[in-house]
Amino acid sequence: MILVKRMREMLYSAILFQDISFFDGETVGDLTSRLESDCRQVSRVIGNDLNMILRNVLQGTGALIYLFILSWPLALTSFAICSFLAVVMLIYGQYQKKAAKVTQEYTANANEVAQETLSLMRTIRVYGTEKQESGRYGIWLEKLADINLRQCAANGIWTLSFNTLYHSTQVIAVLVGGTSIVNGHITAEQLTKFILYCEWLIYATWWVGDNLSNLMQSVGASEKVFQLMDLLPSDQFLSEGVKLQKLKGHIDFDNVSFHYPSRVMAPVLQHINLSIHQNEVVAIVGLSGSGKSTLVSLLLRLYEPTDGKILIDGVPLNELDIKWLRGKIGFVGQEPRLFRMDIRSNIRYGCGQDITEEDVIIAAKQAYAHDFIMSLPNGYETIVDDDLLSGGQKQRIAIARAILRDPSILVLDEATSALDAESEHNIKGVLRAVRNDSKSRRTVIIIAHRLSTIQAADRIVVMSGGRIVEMGQHQELLQADGLYARLTNKQADALT
């Protein structure tokens, strides 16, 4: 149990410290299946199979040596039968290894479907797709049942082979031994001993074979576990970067291009050149898929640019200590995910131990979240639940969490998308404080579809097709009558 605990810790740690691109290619169901069922398979190996294999190898070897002492011709006959049994055993073990590997993959896929279905139950209920989802889950169960039936058939062949060879050995021992007694080569007492030790040898071979097949099955099931455990942490965690004495918040995107590793032929960003000055409020707008959020992902170093470089206060991003830098950046995403813990812990998440209750309340007030939090049954002690909080309330808690870090750079990625008009107006108050209050001043990057949110920004950057197509203040861009003006007019028409 200690070894399995250590193995789960090592596996979990290895997964946590991978690049974000790793999680783009892996499913949650698959990874949780590796942590749960695959590690449990290994515990069975350590706790039972290895013990039984070693014990029976020792006993079988002792029995074989004694058989050769009693009668080497009979011992050779028994050894030949046991060797044939061992060959069948190895073939069966290899099959079990392959079958177990496929079984774990099917189990992981079934878990992924179940997890996705249960987390999206409201969507399923609204669209009435219960039977469709049940059928999707049933497909994987059918595949699992098929492979399990094949494993049972293989086990039946293995058992048949053992019983046939076991009884054949007894018959051969009696026939050959009886002839030897008649010829005076051995005594009846020696033959009796031989048959008993031969039975011991055969059963030792069977136990080794049975436990070895279980061992191979567990090896096949845990192969992916060891592959994951052997993965090296991301380079971001291996290298110690530079920590600046004070982060001012000046950001430069120097000819930055990017495409996802899985889509090499589909560039997301193309030759981006952008300078964001210290304490400047910059808004980035554009149609969906224009590369706005990807720009932020590169700034947070969730991905590395495929070309060009990003500089913070004149220092290349890849030379900075990434953990230190992320501690200086406050980030609020479009769909903030809160942890199933109390609201206070969610706001304090990722902050140091020196944060006081007063600091939490001040941050909540700045994010206009304090009033609705106090209206909840347990206030800041309320456990976060999907049914309890609306999307806008979750976003305000996430904004409070970002403000509490007192970041030098604040990034709001569609952070007002789920807010009502009053809450959005309040968040504008946060932005005004950033611009006018010397204590709250910091570099702010806002990504928004709601253009009303960002009209007061110092600069508005308009993106299309992974490129910057316009840049300027609100009135300047309206007069230019370009993409920004068309987007503004369309939103105005949608409201009338």
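What follows is a walk through this structure, from its overall outline down to a handful of individual residues.

Keep in mind from the start that this is a predicted model. The chain is built from 17 helices and 10 strands. Lay the C-alpha trace along its principal axes and you get spans of about 115 × 50 × 50 Å. The radius of gyration fits with that picture: the chain comes out at 34 Å, while a compact globule of 496 residues would have a value near 23 Å.

Now for how the chain packs. Of the 496 residues, 45% are buried. If you take the contacts between residues at least 6 apart in sequence, 75% of them link residues at least 24 apart. On the outside, the chain exposes about 26,300 Å², and 57% of that area comes from carbon and sulfur atoms. As for charge, there are 48 positive and 53 negative ones, and the mean positions of the two sets are 1 Å apart.

A good landmark to find on screen is helix 6, which covers residues 130-182. How far apart should the ends of helix 6 be? With 53 residues at 1.5 Å a residue, the expected span is 78 Å, and the C-alpha atoms at the two ends are 77 Å apart, so expectation and model agree. Just past the end of helix 6 you'll meet G184, whose phi is positive at about 80°. Within helix 6 itself, have a look at G138. Its relative accessible area is 28%, so G138 counts as partly exposed, between the 20% and 50% cut-offs. Compare its position with that of S78: the two are 60 residues apart in sequence, and their C-alpha atoms are 48 Å apart in space.

Step back to helix 5 (residues 121-127), where you'll find M121. M121 is partly exposed because its relative accessibility is 29%. Between M121 and Y368 there is a separation of 247 residues in sequence and 31 Å in space, C-alpha to C-alpha.

Next, go to helix 7, residues 188-229, which holds F226. With 38% relative accessibility, F226 is also classed as partly exposed. Pick out R34 as its partner for a distance check: F226 and R34 are 192 residues apart along the sequence, yet their C-alpha atoms are 9.8 Å apart in space.

Helix 9 (292-299) shows another side of the structure. Is helix 9 enclosed or open to the outside? Buried residues account for 7 of its 8 positions, so the rest of the structure largely encloses it. Those buried residues are K292, T294, L295, V296, S297, L298 and L299. Just after helix 9 comes R301, sitting in the loop that leads on to strand 4 (307-312). R301 is buried too, since its relative accessible area is 8%.

The backbone at R301 deserves a look as well. Most residues other than glycine have a negative phi. R301 isn't a glycine, but its phi is positive at about 60°. N279 does something similar, with a positive phi near 65° in a residue other than glycine. You'll find N279 in the loop between strand 2 (269-276) and strand 3 (281-286).

That part of the chain also meets R459, which belongs to strand 9 (residues 459-464). Is R459 buried or exposed? Its relative accessibility is 15%, under the 20% cut-off, so R459 counts as buried. Leaving aside residues up to four places away in sequence, R459 touches L274, S275, I276, H277, E280, V281, V282 and A283, along with M471 and G472.

Finish at helix 16 (residues 474-480), the home of L478. L478 is partly exposed because its relative accessibility is 29%. Which residues does L478 touch, not counting those up to four places away in sequence? The answer is Y484, A485 and T488. For T488, the separation from L478 is 10 residues in sequence and 8.2 Å in space, C-alpha to C-alpha.

Technical notes:
Residues numbered from 1 in each chain as written. Predicted model: local features only at pLDDT ≥ 70, side-chain atom pairs only at ≥ 80, totals over all residues. Heavy atoms only, no water. Helix = DSSP H or I, 4+ residues; strand = E, 2+ residues; numbered from the N terminus. Expected span 1.5 Å × (residues − 1). Rg over C-alpha atoms; globule rule 2.2 N^0.38 Å. Buried < 20%, exposed > 50% of the residue type's maximum accessible area, 1.4 Å probe, protein only. Contact = heavy atoms within 4.5 Å. Areas by Shrake-Rupley, 256 points an atom, 1.4 Å probe, with all protein chains shown as cover. Lys, Arg positive; Asp, Glu negative; His and termini not counted. Charge placed at Lys NZ, Arg CZ, Asp CG, Glu CD.
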